[in-house]
Amino acid sequence: MTILSGPDCTTMTEVRASVDALDRDLVALLAKRFAYMDAAARIKPERGHVRDEARKTQVIENARAEAVKLGLPDAAIADLWEGLVEASIAYELAAFDRR
């Protein structure tokens, strides 16, 4: 299925099919992101290094700034990234514990 741009959609079927296809792509990108969490868990010498509040803040602020550049609601993007970063930390902690 080709993902149509929003302005190119003329039916709700096209909108829904495009959103579903885009969601599949987003999950594939998240899989790549989580692979970096596996790498971080492998590389970090101590479990206590997994949570890095300064880095968490930086990642969220980077997403917020990108949202502003793209004309998106930056607070909503920051909230999404808060959840993403916390999920990433939990994933990395579990990966660290499997070492």
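**L84**

I started with L84 and found it in helix 3, which covers residues 74–97. The model I am reading is predicted.

I then asked whether L84 is buried or exposed. Its relative accessible area is 15%, and the cut-off for buried is under 20%, so I entered L84 as buried.

Next I looked up which residues L84 touches, leaving out those up to four places away in sequence. The list reads L30, R33 and F34. Helix 1 spans residues 12–43, and I note that L30, R33 and F34 carry numbers within that span.

I also took one distance from L84. R64 is 20 residues away along the chain, and the C-alpha atoms of L84 and R64 are 13 Å apart.

**R47**

I moved to R47, which sits in the loop that links helix 1 (12–43) to helix 2 (53–70). How large is its relative accessible area? The value is 40%, which lies between the 20% and 50% cut-offs, so I put R47 down as partly exposed.

With residues up to four places away in sequence left out, the contacts of R47 are L93, F96 and D97. I checked what joins the side chains of R47 and D97, and found a polar contact of 2.7 Å. D97 carries the last number in the range of helix 3, 74–97.

For a distance along the model I chose P7, 40 residues from R47 in the chain. The C-alpha atoms of R47 and P7 are separated by 47 Å.

**Whole chain**

I then turned to the protein chain as a whole. I counted 3 helices and 0 strands, and from the N terminus the order is α-α-α. The radius of gyration is 17 Å, whereas the globule rule gives 13 Å for 99 residues, so the chain is more spread out than a compact globule. Along the principal axes, the C-alpha atoms fill a box of roughly 55 × 30 × 15 Å.

I looked up how much of the chain is buried: 23% of the 99 residues. L84 is one of the buried residues.

For contacts with a separation of 6 or more, I noted that 60% are between residues 24 or more positions apart.

The accessible surface comes to about 7000 Å², and carbon and sulfur atoms hold 61% of that.

My last entry is on charge. The chain has 14 positive and 17 negative charges, and their mean positions are 5 Å apart.

How values were computed: Residues numbered from 1 in each chain as written. Predicted model: local features only at pLDDT ≥ 70, side-chain atom pairs only at ≥ 80, totals over all residues. Heavy atoms only, no water. Helix = DSSP H or I, 4+ residues; strand = E, 2+ residues; numbered from the N terminus. Rg over C-alpha atoms; globule rule 2.2 N^0.38 Å. Buried < 20%, exposed > 50% of the residue type's maximum accessible area, 1.4 Å probe, protein only. Contact = heavy atoms within 4.5 Å. Areas by Shrake-Rupley, 256 points an atom, 1.4 Å probe, with all protein chains shown as cover. Lys, Arg positive; Asp, Glu negative; His and termini not counted. Charge placed at Lys NZ, Arg CZ, Asp CG, Glu CD. Polar contact = N/O pair within 3.5 Å; in protein donor to acceptor, adjacent residues only side chain to side chain.
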